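Please open the model in your viewer and keep the selection panel at hand. The tour below proceeds from one selection to the next.

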Amino acid sequence: MRKKYCGISKKIAAGQAGQALLIVLVFFLLGSLTLTPVLMHMGTALKTGIKYEGKANELYTADAGIDTGLWRIKYDYLGPEYDPYDYASTWIYETDPVNHSTADVSVQNLWLPSNVTLADAGLNAETARAMVETEKLIISGTSGATPGLPFHIKMDLTPADGDNVTIKSIGVWLPQGFTYTAGNSELEELSAFDPCRPDSVIIQAVAGGSTVIWNYNPPYPLFINFPNYTVEDGTMIITFSFTYAPLASDPDKMPLAMTWVTTEMDPTCINPNDVPLAWDTDIRYYKITSLAGNTNIETYSSKSQLRNLGNGIAGDYIAIGNSVMLDNYYPYDKRDTVLAESSTAVAEVAPIPANGDVLYAYLYWSGFRHSQSLWADTCSNFNNWTLGSAGGSLNVLPTGDGLSSGAWTTAPLYDKVDETTSDGDTDYIIGTTDGGGYQLFTFDTISIQEQPIASVTVRIRARDDTTSSGTNDIRPAIKINGIATPYYPGSGNNPGTTFAEYSYTWTSNPRTGVAWTYNDVTNPSSTNGLQQFGVYSSDLYPDMRVSIVYLTVSYSAYWSINSNQFQGRGVNNTAVSPRYLTMTNSYDLSSYDPGTIAASWTQSDYESSGSLESDDTLYYAFSGDNGATWSNGAAWDTDDEAFHDDITSGSKFILVPEAYLTSGFKMRFYFNFDDLTEYVRLDNINIYYMPPDTSVTFKIDGEQVYFDGDGEPVAGEESLTAGFSAVLLNLTGTTAAGYSYASFKDVTDLVQKYPETPGETHHTGNYEFTVGDISADTGEYVSYAGWSLIIIYSSPDTAGRYIYLRDIHDIFAFNGGNQNLDFDNDGDGGGDVTGFLFPEPVRDKYGVVVDPTAAKITCFVGEGDSIYTGDSLMITGQQSGSSEYLSNDESPWNNIWNSNSPGMSYPGVDVDTFYVLWTDSILTPKDTSLHLDMNSGTDAWNLVYFIMSVRSETVTAGTGHYIIDNN
């Protein structure tokens, strides 16, 4: 460091008093000799003083330039040309005048990985950005929130099919004063035979600190072989830690270190080496230079900021809201009165700083409504439906002679009886054995649709062979595979001297004692297959003539009417299409908006014995082209499932996808039950229309505002129209079919403009907001109506926050009570909030955490009730695994949705904000997700939005060299 100094030295001498006159005289004498040179020296000193003052002014101006550079870095005011992935360029800025001069400030990104450059990896700024933004490979590091803990490095890899990623090296840059404890990393503690133990570890001093690089030789170890390997939702994760020595002068200070990794992929992979390098883009280092005149100051600064992996917004937010539906009557469990409007002032909830400005404003309104039935069937007949296969019967004639006992004439026998109606009895067979006997016949393979077999009937026509009758008898008979003799009824028929017709029906297979199966009837060689049919007699005296013998197989439809319900009966076969129940005529849904149409029915199962198996399933499908194609495609799977296994009777509601909102809409059902004792039942099939309320009135400080036809913000008596709406079926808490809706409108331009205040420096958003004309129905347990407004603002007091918003575009969800709301629809209770990378805590220059809040979370929930407890909101950290129930002064942890939120004048909805502290040890730097469990007891409610704010960045100046050059 080079410095210039200017100083003045004085020496005071004392003399004796008796010498005073002499001294005066001497000075008088010398004065005449030195006056001119002194005056000349005074002129030179004045010039020198001016020069030193100019240098000081330059120093002050240059120093102000450094402050300007730091400010620009902190608040992302680096201009449109700045590229965070460009490590070669320098960006120049000019300060405002300071001491009548300006400074030129330059900012340059510093590349810290010491063993690789972007060029080494075949990258430039553009391709590096594209690679990073794929989020395929993310590396991050954290020293945590507590001094003394190891430094953790974490890598997240979301591979493509066939990827085979290996690790070439892992590196970390540590700031000056922090030193790596050699040999003290989890990697170096691995066995010598472990492929993930580094082949070499290089520690070297570099600009501003030191680097540690764990290197591997070919063949490089696979990503999946590294320590602590896990997989979460398709993302592979590895972590390891190392220890370091802190600053001797400040042992509680923690390093703002930067990590990186180099990789290699098998060249046969689909995308070989598409992530050859990854580095922690949350940690950035800058070189700042300020030049004023001949004075140049050079310094280095760091910035830790939250990586924006979703819809992050710099700034902070406030959320307000109110209800427009009241519950005025005991027992206060059903709201009964809709208000015209309601108001809430921002200042009563969380005032925006006076130097704040509105960045964005989002308005939501939501309520409950009863559904409108467009089409209905009470299921008392099949007038509106086509069965996949109707019931019927098939007659089967003999085609050959089969087993025989006793004497029967005249062979061949089968062609004498192979008819279903009498041909005048011109041909017949005669049984002549007094002691009786049987004659059976073979038949061709029975070919019918695979559906329930109701019965097997043998029909015969016979008479005595003489004119005198006796006590003989004749009976139908059948033979089943594996049984040598035929089955026949217990009593016979004595026909007399004229031909008469007789029959016997077997409703079950006589060998098994249970209902016939399709295989029993159509496959004679099967274990219980029907093989032959014919006649049997215990007494053929007098002789007996038989002119007709044939078999009737009766089969029933899979669907029938039972107690004014559609009933489907299970069968042990693999038939599909015969089990269909399909709307006969299409219904025109082409004029309805997506998300507003639902199909509904009441469904139940019944078993005469036993219970359904886990794979016994009722399915549904939609068609938009009059049944030419169906939503299930070529197969039925879980996406088409109405229910499986045993259920209790209940209603099923399915939103009809947009693709089927056509003039050719149809629906159909199919079930795969495989036992005759198993039944599915359907009733009250409906097509419902569920329109959201898409317009409201909106006032700011009492002035109604809206958007005109050109989308411009104006004041006037017009309504706002929603930009997006969603509908949600409410399956409990209502006596009739009903739904909740939620609508959204971006009102940024309105909130930024109104109220109009001439000369204002900041338009803060600290106003009273009124929302009215929200449409909803009262009288149900889930009846509600309300609104919420989110204002996202910027302010120097709150700059450096990250906003994460999830709303009705993707998480609108209904909790019907006694469940953990699966708001991310992954099949598990609760939901994961993803798409961010959690930052380091904000610390001062001494490393002390200055903002105790790790995150602020707000939820907009419709319909919570204070009289029902058991609803809660629990947060669980990704890396910590620790959990905590959230609460605030108005909402206790076990009655979180109690319609009691700050600033609201009426109960009915919740807009509650909760704070998670660093000391709670829930959220950890570098978390990429968190989990929320939203349990409810008796209460039913709707989640409209979730918003989270975290401190996203900190700037630390002077972490490297500070050089002043004022030659």
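In which loop is Asp-701 found? Select this residue in the predicted model: Asp-701 sits in the loop between β42 (695-700) and β43 (703-707). Its phi is near 50 degrees, a positive value in a residue other than glycine. Asp-701 has a relative accessible area of 42%, so it is classed as partly exposed, the range between 20% and 50%.

Next, extend the selection to Glu-348, Glu-703, Glu-756 and Glu-768, which together with Asp-701 form a negative surface patch. Within this patch, centre the view on Glu-756, located in the loop between α4 (748-753) and β48 (768-772). Glu-756 counts as exposed because its relative accessibility is 54%, and the cut-off for that class is over 50%.

Remain in this loop and select Pro-755, which is also placed between α4 and β48. Display the backbone here: the peptide bond from Tyr-754 to Pro-755 is cis, with omega near -5 degrees.

A further cis peptide bond runs from Ala-411 to Pro-412, where omega is near -10 degrees. To reach it, select Pro-412 in the loop between β25 (408-409) and β26 (429-431).

The last stop is Ser-563, in the loop between β33 (559-561) and β34 (566-569). Although Ser-563 is not a glycine, it has a positive phi of about 50 degrees. Is Ser-563 buried or exposed? With a relative accessibility of 63%, Ser-563 counts as exposed.

How values were computed. Residues numbered from 1 in each chain as written. Predicted model: local features only at pLDDT ≥ 70, side-chain atom pairs only at ≥ 80, totals over all residues. Heavy atoms only, no water. Patch = residues over 30% accessible without salt bridge, like charges linked within 9 Å, V, L, I, M, F, W, Y side chains within 5 Å. Areas by Shrake-Rupley, 256 points an atom, 1.4 Å probe, with all protein chains shown as cover. Salt bridge = Lys/Arg side-chain N within 4 Å of Asp/Glu carboxyl O. Lys, Arg positive; Asp, Glu negative; His and termini not counted. Charge placed at Lys NZ, Arg CZ, Asp CG, Glu CD. Helix = DSSP H or I, 4+ residues; strand = E, 2+ residues; numbered from the N terminus. Buried < 20%, exposed > 50% of the residue type's maximum accessible area, 1.4 Å probe, protein only.
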